[in-house]
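Please report on the backbone turns, one helix and the ring contacts of this structure. Keep it short, and explain each term where it comes up.

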Amino acid sequence: MSCEFSLQPLEFDKIREQLLRYILTAMASERIEALAPSQDFDTIEKNLIELVEMSDLLKYDDAFPIDQLRDVRDSFRKLGTLGIFLNPEQFNQVLLTLQTARKIKSYIKSRGEKYPLLCKLTAPLQNYPGIEDAISSAIDENGDVKNNASSRLKQIRRDLETKSSHIRKKLESLSRQFASDGYSQDAIVTMRGGRMVIPVKEEYKNIVKGFIHDESSSGQTVFIEPAEVLELNNELRKLAMDETREIERILLQIADVIRPHLDSLKFAMEILGDIEFLYVRGRFANFLNGVKPHLNDTGYIHIRKGLHPLLFLKELNKLPADRRPVVPLDLELGNPPTSGRTLIISGPNAGGKTVALKTIGLFALMIQSGLLIPCAIGTHMSVFDQIFADIGDDQSIENDLSTFSSHVQHLSEMVNKVTRKSLILIDEIGSGTDPKEGSSLAIAILDYFNKKQAVSIVTTHHGELKAFAHDTDGIENGSMAFDHETLQPTYVFRPKIPGSSYAFEISKRIGLQPDIIGKAKEISGTEILRLENLIQELQTRIKRYETLFAEVNRERAGVEGLTKLYNERIQDLKAKERNLKQKSLEETQKALQEANKKIESAVQEIRLSNADKEVIKKSKKLIRDENTFIQTELNGIKEIDMTPLEHPDKLHKGDKVFIPSMGVEATVLEIPDESNHVLLGLGSISIKISTNLLSTTKSENENKSESLPRQHINWNTEDIKNQIDLRGLTADEAIYEVDAYLTDVLVLGFKEVTLVHGKGDGILRKKIGAFLKRDPRVKNYRLGQWGEGDTGVTVVEIKSE
């Protein structure tokens, strides 16, 4: 066990193995092998933010140009010796790496506002156009030196081709002659030792003048270079040697171009190694759905829906049909007075206690090693100076240590080195010896850790430790839930409540004889049996109350959704009322102004005519007409029609009614009861309301539609968030999900939601956009901005009606 960080008991090596799946070069594998937790808070925070940037880049942005990266550190080390050059293939690897570095820097620089830490990381990378030109102008993609790498090489190769063609024609002529004379079976020319030769039967080898280069495995054929072409082949050989020397000169020339930049190139390789390592961690984080938790250095841990990384990866690597859900862990610790700094987890075997312990420890190791963890947003993790873990059987035959001795040795190390910022994880504390003495030892050690204010989490079956946690400040109980009826673990953590071991119940289910179980209960004593029964009854009640609480939450969510809808309708009606009043006042004011003008005109006419009776009579009539007009206009301003139902007692299932206070139409689900209340359906919500608050609909006189059976919808509002993930669905499946989702968020009163469809080739994004464009529930929609997911998401604004 390590003195500072217990990596092996928490299986951190398996996390390293998973990271190796994504490496491109040995540079990343070396960093993975050296991966270890850090103690520096600022370094951990920076590493995680940097990783979040890479994770977002890989999820939402264009492809990251790192695929052609090569590890050319050895090549640069070789070039450190004057006069040494690389072969063409090695130079090509250098070229690919320099091109990759240039592309990475350009890619990140163009997105500097999105990824500031990545921009800072890649800023020191330099471009090397001179080296790139020197290599690409001389060596082709296949690793061959080009003919035009130099004029001399071009001439040598032209001479080689001419000389080779001349020799081949000469030999082909001789081979035909030898075949005709019976010296050889076939008229062919072949190569041996880099020289062109003719196969000749063994018995004629002394007749054909020339140099024997080889013979067949059977010894019946010899390969002879005829004397007629010996000199020509020598000339050809000399040209080949000239070619080799010229190629070496060209390669040495390229090496000399690179040599002055070796220091900066070696530094660039370190940066590229860091970038590759970050890329590997980013791909791993995305595969694991990793999240960056909120960090602190106070010992506070609050895990929300945390999944054991290795269990989760095991299921992810299976075919979708074979996967089983991993039960998430929700746990809070180290936040007095809400939660203590020491937690004692109890419960039956195989109930998930050890998995919970390893999840917490592995989360701490991963975070401090710069890795994201599979949990919900809002998780808090502390940075620890040491992480001690005593999990599993560490007995040693070589060192003559029993399981208990090894256990105590580990506990001794923890006691000697523990600090306030340490995390201690112990599985089955005090086990492997006399239960009474083991419990006493465990209580003394936990009391010591508690006084040191270290964060400690242990598992146990000892009842004494459960009572100790109940009576001691800073220490609390917890348990893994167990289904009392089926006697199966649920793997759900319950805070504050100790767990029963269910030893008698499990033994009974397995088939142990009842009389033996009864005898065991007698031996255990009434106090212990009463405590176990009390814990089991408490867990049964908790389960029942949780079920009731979930039902209440569902009902409350429905009421809250209806209340939102009701309030919005009220506000809408008030707005309409204000608009109507405003309009009517404006029209009335206009009518009065017109009337006043006509009255003033009539009075003026009366004055000018010296009050002629006909004029007075005419004026009075004009005034009466104007008053009548105004009254008619005022009477035209009507209130909202709220005509009550004429015969509410005659309502039937399927009838349509109007709720004026909400401005919505509803369907009758059940006929009115004795108190004249009727059950109505509004989409997926049911409401009971007095018939006095209902009115007729416009379609009252139309034929009523047949009453259709109403499907009950289990509407779990906790599952309805302001974001839905559509990645992995076909276009039709995604449209179906979006359609149902828009109905739910409209009823719940959401104003804005996010549809996550991924980037990909854009087909799914376009299909969803086309659907949203014609959907009446959508007020507006747009692609995500930076920080929202870019083109990988669509943000939708929901209409208020």
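Gly370 takes a positive phi of about 80 degrees, just after helix H12. The model is predicted: local features need pLDDT of at least 70, side-chain atom pairs count only at pLDDT 80 or more, and totals for chains, interfaces and linings use all residues. Residues are numbered from 1 along each chain as its sequence is written, and side-chain values use heavy atoms, with hydrogens and water left out.

Helices (H or I, at least four residues) and strands (E, at least two) are DSSP runs, numbered from the N terminus. Helix H12 covers residues 353–368. The expected span of a helix is 1.5 Å times one less than its number of residues. For the 16 residues of H12 that gives 22 Å, and the end C-alpha atoms are 23 Å apart, which agrees. H12 is largely enclosed by the rest of the structure, because 14 of its 16 residues are buried. Buried means under 20% relative accessible area, exposed over 50%, and partly exposed in between (1.4 Å probe, protein chains only).

Most residues other than glycine have a negative phi. Two residues here that are not glycines have a positive one. The table sets them out.

| Residue | Phi | Place | Relative accessible area |
|---|---|---|---|
| Lys305 | about 50 degrees | strand S6 (residues 301–306) | 49%, partly exposed |
| Glu428 | about 55 degrees | loop between strand S11 (422–426) and helix H14 (435–452) | 21%, partly exposed |

Next, the rings. Rings of Phe, Tyr and Trp (its six-membered ring) pair if their centres lie within 6.5 Å; planes under 30 degrees apart count as stacked, over 60 as edge-to-face and the rest as tilted. How many aromatic pairs does this rule give? The count comes to five. One of them joins Tyr183 and Tyr204: it is tilted, with 5.1 Å centre to centre and 40 degrees between the planes. This pair links distant parts of the chain, 21 residues apart. Tyr183 is in the loop between helix H8 (151–181) and strand S1 (190–192). Tyr204 is in the loop between strand S2 (195–201) and strand S3 (210–215). Tyr183 is buried, at 19% relative accessible area, whereas Tyr204 is partly exposed, at 26%. Elsewhere, ring pairs link Phe64, Tyr107 and Tyr279 into a cluster.

Charges also meet rings. A charge sits over a ring if NZ of Lys or CZ of Arg is within 6 Å of the ring centre and within 35 degrees of the ring normal. Arg192 lies over the face of Phe223, 4.1 Å from the ring centre. The charged end of Arg281 sits over the ring of Phe277, at 4.9 Å from its centre.
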